[in-house]
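Reader: I am new to this structure. Could you walk me through it?

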Amino acid sequence: LQTRGLVERVEAAREAERQAMEAPSFSEQQVRAAAQALAEVQTDLAVQQARLRSDIYALLTPEQQQRLQEMQAEREARQKERRERMQQRRQGQTSP
C-alpha cells in the first residue's frame with residue numbers, strides 16, 4: 001500500500017472512532033472496534049513509513065548518512081529543550 005492511501009485510511013478510521021465516542025448512546029463494542037481499526041491502520045502506516053525511510057537511507061552515501069544522523073540528533077535535542085521549557089511553564093518555573 002502507498003503511504004497516501006494509508007494516510008487516508010487513518011483519517012477515515014479517526015473519524016469513525018470520533019463518531020463512535022461521541023454517539024448519543026454509548027456502545028463499548030463500537031468504541032473498541034473503532035479504536036482497534038484505527039490502531040491497525042496506524043500500525044500499517046508506521047511500518048510503511050519505516051520501510052520508506054530505510055529504503056531512502058540505503059541510497060545515501062556514507063557522508064550523507066552521517067549528516068542525516070547529525071541532523072536527527074540536532075532535531076531531538078531541540079525537541080527535548082522544547083519539552084523541558086513546556087514542563088517548566090506548566091510548573092510555573094519559567095526562566096528568562
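The questions below go from the overall fold to single residues.

Reader: What kind of model is this?

Author: Keep one thing in mind throughout. The model is predicted.

Reader: How many helices and strands does the protein chain have?

Author: From the N terminus on, the elements run α-α-α. The count for the protein chain is therefore three helices and zero strands.

Reader: What radius of gyration does the protein chain have, set against a compact globule of 96 residues?

Author: The C-alpha atoms fill a box of roughly 55 × 45 × 15 Å along the principal axes. A compact globule of 96 residues would have a radius of gyration near 12 Å. The protein chain has 20 Å.

Reader: What share of the 96 residues is buried?

Author: Buried means under 20% relative accessible area. The accessible surface of the protein chain comes to about 8,200 Å². Carbon and sulfur atoms hold 50% of that surface. Of the 96 residues, the buried share is 11%.

Reader: Among contacts between residues at least 6 apart in sequence, what share joins residues at least 24 apart?

Author: Take the contacts in the protein chain between residues at least 6 apart. Those that join residues at least 24 apart make up 54%.

Reader: How far does helix α2 reach from its first C-alpha to its last?

Author: Helix α2 covers residues 28–59, which is 32 residues. At 1.5 Å a residue, 46 Å is expected. The reach is close to that, at 47 Å.

Reader: And what is the reach of helix α3?

Author: Helix α3 spans residues 62–90 and has 29 residues. The expected value at 1.5 Å a residue is 42 Å. From first C-alpha to last, α3 reaches 42 Å.

Reader: Which residue just after α3 takes a positive phi?

Author: Look just past the end of α3. The phi there is about 75°. The residue is Gly92.

Reader: Which residues of α2 are buried?

Author: An α-helix has 3.6 residues a turn, so residues three or four places apart point the same way. In α2, the cover over the buried residues includes α1 (3–22). The buried residues are Val31, Ala34, Leu38, Val41, Leu45 and Gln48.

Reader: Which residues form the largest nonpolar core?

Author: This core has six residues. Helices α1 and α2 each supply at least two of them. The members are Leu6, Val10, Ala13, Leu38, Val41 and Leu45.

Reader: Which residues is Val10 in contact with, leaving aside its neighbours within four places in sequence?

Author: Val10 belongs to the largest nonpolar core. Set aside its neighbours within four places in sequence. Val10 is then in contact with Leu38, Val41, Gln42 and Leu45.

Reader: How many salt bridges does a search of the whole structure find?

Author: Side chains of opposite charge can pair when their charged atoms come close. Here a salt bridge needs nitrogen and oxygen within 4 Å. The search of the whole structure finds six.

Reader: Where do the side chains of Arg9 and Asp44 lie, and what is their N to O distance?

Author: The two side chains meet in a salt bridge. Arg9 lies in helix α1 and Asp44 in helix α2, so the pair ties together parts 35 residues apart in sequence. Arg9 is partly exposed at 38%, and Asp44 is partly exposed at 35%. The N to O distance is 3.6 Å.

Reader: Arg32 and Glu28 form a salt bridge too. About how many helical turns separate them?

Author: Their side chains meet at 2.7 Å, N to O. Arg32 is exposed at 57% relative accessible area, while Glu28 is partly exposed at 43%. Both sit in α2, four residues apart, so the separation is about one helical turn.

Reader: Which residue meets Arg67 in a salt bridge?

Author: The N to O distance is 3.7 Å. Arg67 is partly exposed, with a relative accessible area of 39%. Its partner is also partly exposed, at 39%. That partner is Glu74.

Reader: Which residues do salt bridges with shared partners join into one network?

Author: Some salt bridges share partners. They join Glu15, Arg18 and Glu22.

Reader: How far apart are the C-alpha atoms of Gln87 and Arg53?

Author: Gln87 is in helix α3 and is partly exposed at 44%. Along the chain, Gln87 and Arg53 are 34 residues apart. Their C-alpha atoms are separated by 31 Å.

Technical notes: Residues are numbered from 1 along each chain as its sequence is written. This is a predicted model: local features need pLDDT of at least 70, side-chain atom pairs count only at pLDDT 80 or more; totals for chains, interfaces and linings use all residues. Side-chain values use heavy atoms; hydrogens and water are left out. Helices (H or I, at least four residues) and strands (E, at least two) are DSSP runs, numbered from the N terminus. The expected span of a helix is 1.5 Å times one less than its number of residues. Buried means under 20% relative accessible area, exposed over 50%, partly exposed in between (1.4 Å probe, protein chains only). Contact means heavy atoms within 4.5 Å. The radius of gyration is taken over C-alpha atoms; the globule rule is 2.2 Å times the number of residues to the power 0.38. Accessible areas come from the Shrake-Rupley method with a 1.4 Å probe; for residues, only the protein chains shown count as cover. A nonpolar core is a set of buried Ala, Val, Leu, Ile, Met, Phe, Trp, Tyr and Cys residues joined through side-chain atoms within 4.5 Å.
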